[in-house]
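Please take me through this structure stop by stop. Tell me what to select next and what I will find there.

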Amino acid sequence: MAVSSISPSRCWRPLCSALLCLFLCSAPALYAATAEVVGLFRGRAVVRVPGAGEVLLKVGEEKHGVTLLAADADSATIRYQGETLRLSLSGRIAGSFTPAQRQQVTINADELGQYYVRGAINGQFVNFLVDTGASIVAISSVMADGLGLDYRRGQRGRVQTAQGLTDAFFLDLDQVTVSSLQARRVKAAVILGAYPVDILLGMSFLRSVRMEEDGGVLTLSQQR
């Protein structure tokens with residue numbers, strides 16, 4: 001396996017039928033209050049609730065009128081407004097019959113021009129530094145231990161970092177999530193030691209999404 005090059009980075013250079021329409025238009029109150037499933041994990045889900053924003057629910061937990069009954073990487077079953085519904089990612093509750101919009105997340109640059117974003121690895125929440133200079137997702141072994149990653153069963157190798165050549169283990173992460181964007185079997189390197197300080201969201205994830213930067217704002221969206 002080729003050694004992956006990881007470098008510090010400023011992160012970004014380079015017809016609805018007439019009948020259905022009539023039904024929806026005749027009952028706007030019914031469809032005014034909606035909620036969305038925007039993140040799925042085994043036994044947990046992130047639900048966007050009107051007036052409350054995004055909330056993380058564990059199976060059996062109830063918040064803001066939403067109870068999570070079951071969840072895995074494919075769908076969530078919830079109870080909301082007296083109904084039990086099974087929803088895939090970004091499925092809308094309360095009967096929206098229009099296709100979900102293209103999923104995207106917008107990230108503002110910090111004072112150094114770097115893009116940090118909240119996400120998850122295998123269902124565990126983490127902070128990422130978006131780094132197009134990293135060929136794969138890069139995690140320090142200190143953080144990997146905290147996430148319970150069994151990285152020592154991966155392939156051993158070396159990576160080039162700002163500190164020089166460093167020992168690492170290469171593995172596939174089951175799932176990497178950034179807001180409503182998900183990728184499976186994402187290649188990663190666990191670098192022995194405490195560096196990098198931040199988990200680098202490298203190209204093994206980023207190539208699965210569309211990236212656009214405008215005036216210090218980076219938008220990641222699902223591929224068309």
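## First stop: His-64

Select His-64, in the loop that joins strand 4 (62-63) to strand 5 (66-71). This is a predicted model. Look at the backbone here: phi of His-64 is positive, about 50°, although the residue is not a glycine. Most residues other than glycine have a negative phi. Is His-64 buried or exposed? His-64 counts as exposed, because its relative accessibility is 52% and the cut-off for that class is over 50%.

## A second positive phi

Go to strand 14 and pick Arg-185. Arg-185 is not a glycine either, yet its phi is positive, near 50°. Arg-185 has 53% relative accessibility, so it counts as exposed.

## The whole chain

Now zoom out. The chain has 224 residues, and 44% of them count as buried. Color by secondary structure: four helices and 17 strands appear. Switch on the surface. The chain exposes about 11800 Å², with 52% of that supplied by carbon and sulfur atoms.

## Sheet 1-2-3

Select strands 1, 2 and 3. They form an open, antiparallel sheet in the order 1-2-3. Strand 1 (36-41) and strand 3 (53-58) are the edge strands, and each pairs on one side only. From one strand to the next, the twist averages 20°.

Stay with strand 2 (residues 44-49). Six bridges pair strand 2 with strand 3 in the antiparallel sense. To see one bridge, show Arg-48 and its partner Glu-54, which sits in strand 3.

## Sheet 8-17-16

Next, select strands 8, 17 and 16. Here too three strands make an open sheet with antiparallel pairing, in the order 8-17-16. Which strands stand at the edges? They are strand 8 (104-108) and strand 16 (209-214). Each has a single partner strand, so one side of each has no neighbour in the sheet. Neighbouring strands in this sheet are turned by 20° against each other on average, direction ignored.

Narrow the selection to strands 16 and 17. Strand 17 covers residues 217-222, runs antiparallel to strand 16 and is joined to it by six bridges. Show Arg-210 next: its bridge partner is Ser-221, in strand 17.

## The aromatic pair

How many aromatic pairs does the structure hold? There is one. Show the side chains of Tyr-151 and Phe-169. Their rings lie 5.8 Å apart, centre to centre, with 55° between the planes, and the pair is tilted.

The pair links distant parts of the chain, 18 residues apart. Tyr-151 is in the loop between helix 3 (141-147) and strand 12 (155-161). Phe-169 belongs to strand 13 (residues 164-178). Both Tyr-151 and Phe-169 are buried.

## Two glycines

Move to Gly-133, in the loop between strand 10 (124-130) and strand 11 (137-140). Gly-133 counts as partly exposed because its relative accessibility is 29%. Add Gly-202 to the selection. Gly-133 and Gly-202 are 69 residues apart along the chain, and their C-alpha atoms are separated by 7.0 Å.

## Last stop: a cis bond

Finish at Pro-196. This residue lies in the loop between strand 14 (181-191) and strand 15 (199-201). Select Tyr-195 as well and look at the peptide bond that leads from Tyr-195 to Pro-196. That bond is cis, with omega near 5°. Most peptide bonds are trans.

Conventions: Residues are numbered from 1 along each chain as its sequence is written. This is a predicted model: local features need pLDDT of at least 70, side-chain atom pairs count only at pLDDT 80 or more; totals for chains, interfaces and linings use all residues. Side-chain values use heavy atoms; hydrogens and water are left out. Buried means under 20% relative accessible area, exposed over 50%, partly exposed in between (1.4 Å probe, protein chains only). Accessible areas come from the Shrake-Rupley method with a 1.4 Å probe; for residues, only the protein chains shown count as cover. Two strands pair if DSSP finds at least two bridges between them. Axes are lines fitted to C-alpha atoms, for helices over the stretch in contact, and angles run from 0 to 180 degrees between N-to-C directions. Rings of Phe, Tyr and Trp (its six-membered ring) pair if their centres lie within 6.5 Å; planes under 30 degrees apart count as stacked, over 60 as edge-to-face and the rest as tilted.
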